[in-house]
Amino acid sequence: MDSRVSEVLDAWERQLSPAETSDPLWRLLAYRVARCLLDHVGADARRLQPSADRQLVDQLVRAIASIGANVAEGYSRRGLADRARFFGYALGSTREALVWYRGVAHALPEADVELRLLFLQQLRRLLIGLARSAQDRGGLEFRPRRTE
């Protein structure tokens, strides 16, 4: 994991309640990264409101929120095919969020945009691995295009 992502994630996790971090889902790194990113996109959205297209900001927030929601949903599924499907949805939302961040990049500090893109890159890697793992164990096939 990129050291900048790791630092931000560690600092963010330290301020959370044990009520949240005690869920077994919390052990899944992709979920933690997605949740941390969601908190940061909320701050970005507040900064963007006066200067950016409202629809772009709404789409960005929805795409980022969808990542963690789909990871949580997939983690909670017993069937490997269902699990892989939800991890695939999260991967699609991750790629969608990259587009939306590019759409608002002009209105945010460059360093913030770069960090968000690093978070999304990390999520993409993790989600490809999770989907492959669930599908391999379930006898399914998962062959996304190589983007790394």
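Contact means heavy atoms within 4.5 Å. Helices are DSSP runs of H or I with at least four residues, numbered from the N terminus.

This is a predicted model, in which local features need pLDDT of at least 70, side-chain atom pairs count only at pLDDT 80 or more, and totals for chains, interfaces and linings use all residues. Residues are numbered from 1 along each chain as its sequence is written, and side-chain values use heavy atoms, with hydrogens and water left out.

**Where α1 meets α3**

Val-8, Leu-9, Trp-12 and Glu-13 of α1 meet a set of residues in α3. The α3 partners are Leu-29, Arg-32, Val-33, Arg-35, Cys-36, Asp-39 and His-40. By class, this contact of α1 with α3 has 6 nonpolar, 1 polar and 4 charged residues. Here Ala, Val, Leu, Ile, Met, Phe, Trp, Tyr, Cys and Pro count as nonpolar, Asp, Glu, Lys and Arg as charged, and the others, Gly among them, as polar.

Two packed helices are described by the angle between their axes and the distance between the axes. Helix α1 covers residues 3-14, and helix α3 covers residues 29-48. They pack at an angle of about 85°, with their axes 10 Å apart. The two helices are therefore roughly perpendicular to each other (a label for angles of 65 to 115 degrees; under 35 is roughly parallel, over 145 roughly antiparallel, and the rest oblique). The axes are lines fitted to C-alpha atoms, for helices over the stretch in contact, and angles run from 0 to 180 degrees between N-to-C directions.

**Two helices by length**

The expected span is 1.5 Å times one less than the number of residues.

| Helix | Residues in helix | Expected span | C-alpha end to end |
|---|---|---|---|
| α3 | 20 residues | 28 Å | 28 Å |
| α4 | 22 residues | 32 Å | 32 Å |

In α3, the expected and modelled spans agree. In α4 they agree too.

**What is buried**

Buried means under 20% relative accessible area, exposed over 50%, and partly exposed in between (1.4 Å probe, protein chains only). Buried residues of α3 include Ala-30, Tyr-31, Val-33, Cys-36 and Leu-48. Their cover includes α1, α2 (18-21), α4, α5 and α6. In α4, the buried residues include Val-57, Leu-60, Ile-64, Ile-67 and Val-71. The buried residues of α4 pack against α3, α5 (80-104) and α6 (110-137).

Asp-53 caps the N-terminal end of α4. One of its side-chain oxygens lies 2.9 Å from the backbone nitrogen of Gln-55.

**Three residues up close**

Arg-32 sits in α3. It is buried, with a relative accessible area of 17%. Beyond neighbours within four places in sequence, Arg-32 is in contact with Leu-9, Trp-12, Glu-13, Trp-26 and Arg-27. A polar atom of its side chain lies 2.9 Å from the backbone oxygen of Trp-26. The Arg-32 side chain also reaches the backbone oxygen of Arg-27 at 3.3 Å.

Tyr-75 belongs to helix α4 (residues 54-75). At 29% relative accessibility, Tyr-75 counts as partly exposed. Its side chain reaches the backbone oxygen of Pro-24 at 3.3 Å. Tyr-75 and Leu-130 are 55 residues apart in sequence, and their C-alpha atoms are 9.8 Å apart in space.

Thr-94 lies in α5. Thr-94 is buried, with a relative accessible area of 0%. Not counting residues up to four places away in sequence, Thr-94 touches Ile-67, Leu-120, Leu-123, Arg-124 and Leu-127.

Technical notes
Polar contact = N/O pair within 3.5 Å; in protein donor to acceptor, adjacent residues only side chain to side chain.
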